[in-house]
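Work through the exercises below with the sequence and the 3D structure at hand. Try each task before reading its solution.

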Amino acid sequence: MRQQLGFAFLATLGLAHVFRECKSGPSTTDSVFQQLVVERIGLAMHGDSSKYRTFLAADAIFINDDGSRFTSDQMVDDAGHKHSSTWTVDSLHVARAGDFALVYYGEVEHSEMGSRTLTFPYEALDTFIWRESRWLLLAHTQTHKTNDAPPIVVDSITLQQYVGRNEWSPGYDITITRRG
């Protein structure tokens with residue numbers, strides 16, 4: 001029992017600096033978080049990695065829709081490359097707990113593929129922390145938003161329009177073939 005109490009006391013002392021650093025973040029409206037999300041995404045799409053870094057906590061993590069995990073430095077490096085896609089953000093909801101804010105929102109990627117614009121809806125969750133007198137992104141995760149679409153029958157002329165090699169984004173090509 002004494003050993004358990006000693007450990008609890010040491011753990012409390014170890015966490016004391018965290019509680020001193022994270023007093024209580026300011027009362028922040030949902031629109032402020034929407035602005036933070038939209039601006040961060042815009043900076044990443046336009047390749048402005050130095051400004052993008054200012055939105056991130058040094059220990060931030062990102063988990064993409066394929067389950068891959070990236071550090072803050074890796075995301076800043078990726079933000080240094082201009083992307084051809086555009087993104088929209090909608091249905092943003094914020095839940096606050098002291099120095100943390102959970103921001104849940106829908107986002108849609110719009111990608112040009114040949115003469116078509118494809119849309120890819122995602123659901124995202126960002127965790128912000130109040131540090132250094134500002135809100136910083138601590139964690140981001142996203143997943144594809146899927147709806148089971150009813151099967152459709154497409155004529156061969158329409159299907160043929162998709163055949164070929166298309167650049168999905170810089171450095172990522174997709175080849176579509178057709179059999180029968």
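The exercises concern a predicted model and go from one helix to the sheet and its packing.

**Exercise 1.** State what span helix 2 reaches and which of its residues are buried.

Solution. Step one: helix 2 covers residues 30-46, which is 17 residues. Step two: from its first C-alpha to its last, helix 2 reaches 24 Å, close to the 24 Å expected at 1.5 Å a residue. Step three: with buried taken as under 20% relative accessible area, the buried residues of helix 2 are F33, L36, V37, R40, I41, L43, A44 and M45. Residues three or four places apart in an α-helix point the same way, because there are 3.6 residues a turn. Step four: just after helix 2, G47 has a positive phi of about 80°.

**Exercise 2.** Find the order of the six strands in the sheet, and explain why strands 2 and 3 have one side without a neighbour.

Solution. Step one: the sheet is open, its order is 2-1-6-5-4-3, and its pairing is mixed. Step two: strand 2 (69-71) and strand 3 (86-97) stand at the edges with a single partner strand each, so one side of each has no neighbour in the sheet. Step three: from one strand to the next, the twist averages 20°.

**Exercise 3.** Describe how strand 4 and strand 5 pair, and which helices pack on the sheet.

Solution. Step one: strand 4 (residues 100-113) and strand 5 (residues 116-131) are antiparallel and pair over 14 bridges. F100 stands opposite I129 in strand 5. Step two: helix 2 packs on the sheet, touching strands 1, 3, 4, 5 and 6; its direction makes about 140° with that of strand 3. Step three: helix 4 (residues 72-79) also packs on the sheet, touching strand 1 and strand 2. The direction of helix 4 makes about 90° with that of strand 2.

How values were computed
Residues are numbered from 1 along each chain as its sequence is written. This is a predicted model: local features need pLDDT of at least 70, side-chain atom pairs count only at pLDDT 80 or more; totals for chains, interfaces and linings use all residues. Side-chain values use heavy atoms; hydrogens and water are left out. Helices (H or I, at least four residues) and strands (E, at least two) are DSSP runs, numbered from the N terminus. The expected span of a helix is 1.5 Å times one less than its number of residues. Buried means under 20% relative accessible area, exposed over 50%, partly exposed in between (1.4 Å probe, protein chains only). Two strands pair if DSSP finds at least two bridges between them. Axes are lines fitted to C-alpha atoms, for helices over the stretch in contact, and angles run from 0 to 180 degrees between N-to-C directions. Contact means heavy atoms within 4.5 Å.
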